[in-house]
Amino acid sequence: MSHETVYAIASGKGGVGKTTTTVNLGTALAEAGERVAIVDTDLGMANLAGFVSLNPDSTTLYDVLTGDASIDDATYRLADNIVAVPSGTSLDDYAETSPEGLREVVSELRSQFDYVFLDVGAGISHETVLPLGLADAVVLVSTPEPAAVHDTRKTIELTDRAGGEVAGIVLTRTRPDGDVSPEEIADRLEVPLLGTIPEDPTARESVYAGTPLVVFEPRGPAALAYRRLATDLTGVEVGSPPAGDGGTSGGIEARTATRNQSSDAATDETGENADGLEAAHDDVSNAITEAETDG
Ligand code: ADP
Ligand code: MG
């Protein structure tokens, strides 16, 4: 392997923009002609499917990890050059999975795609830590909020323990009047600053539309920042958004995502992404105890 192709998109705190980053980096690279897979490895609090209008009631990563399906069965085409592997959404399911199976999933996807993005759950449970070590590089995501930055330290430490490599940090939802500059935050954490994504209301609107931001509002500030980040991270020339009206239609049709094995395209409006995350923190505190006793 000559260069990094599998990235884990990770954070200590939930709701900071990991899924948004996963979906938009992946889509920007796919538009540039790279073959991309985005994978929801957030088994406990899956939400990637809603971002791209997939109905997660069908075969998911969960079925792959329980040995009931092949990775191909859980792989859905979103648009030209890009597929998604959604995760299950039930906590009961989550309890039964063996995250170890991820190893094989990642290695299979690595061989089939130019780039693989793993949308990693927040916190420090086993299923969160494993992808950090399986990826070639970890992209930390944080908002400039002190609590989020603080939790990023844990993710850096976990990456280290998992034998992974931190590529750097992406600061999302930045505002021009922020107290601390992105550069300073990265400096304090002693990691490279990979990029900044400004606060942009169309980010949330794109989730409700079930369409990646870089397609939904290709010329908006956050979409442009994601394109730049895609190039800076991978070296792939992503370029300007496709020519057009600059409105809500883009070059690819992620809005009508189709399934691999059937044609009943789903339009699921999973809008409750940020808010549902609090529940995950109970899991996290249990996991902290677990991790501490595991040493
Ligand atoms: P995570 O996957 O880390 O939980 P999400 O990607 O789901 O985070 O983002 C959390 C919420 O923040 C979503 O409602 C999303 O639309 C919103 N969001 C993400 N990035 C931005 C941005 N740059 N500007 C404004 N809102 C954003
Ligand atoms: Mg998420």
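Contact here means heavy atoms within 4.5 Å. Keep that in mind for the tour of this predicted model, where local features need pLDDT of at least 70, side-chain atom pairs count only at pLDDT 80 or more, and totals for chains, interfaces and linings use all residues. Residues are numbered from 1 along each chain as its sequence is written, chains are lettered from A and ligands numbered from 1 in the order in which they are written, and side-chain values use heavy atoms, leaving out hydrogens and water.

**Stop 1: the sheet.** Helices (H or I, at least four residues) and strands (E, at least two) are DSSP runs numbered from the N terminus. Show the strands, and you will find an open sheet of eight with mixed pairing, in the order 3-4-2-5-1-6-7-8. Two strands pair if DSSP finds at least two bridges between them. Strand 3 (76-79) and strand 8 (193-198) are the edges, each pairing on one side only. On average, neighbouring strands are turned by 25° against each other, direction ignored; axes are lines fitted to C-alpha atoms, for helices over the stretch in contact, and angles run from 0 to 180 degrees between N-to-C directions.

**Stop 2: the hairpin.** Now select strands 3 and 4, which pair in the antiparallel sense over three bridges. Here Y76 stands opposite A84. The two strands form a hairpin with two residues between them, and N81 in the turn has a positive phi of about 70°.

**Stop 3: a parallel pair.** Add strand 2 (residues 36-40), which runs parallel to strand 4 (residues 82-85) and is joined to it by four bridges. One place to look is V36, whose bridge partner in strand 4 is I82.

**Stop 4: helix 1.** Select residues 18-31: this helix lies across strands 1, 2, 4, 5, 6 and 7, running at about 170° to strand 5 (115-119).

**Stop 5: ligand 1.** Which residues are closest to ligand 1? They are G15, K18, T19, T20 and D200, among 18 that surround the ligand (a residue is near if one of its heavy atoms lies within 4 Å). Next, look for polar contacts, pairs of N or O atoms within 3.5 Å. A backbone N or O atom of K18 lies 2.9 Å from a ligand oxygen atom, and a polar side-chain atom of R204 lies 3.1 Å from an oxygen atom of the ligand.

Conventions. A polar contact is a pair of N or O atoms within 3.5 Å; within protein, one must be able to donate a hydrogen and the other to accept it, and residues adjacent in sequence count only if both atoms are side-chain atoms.
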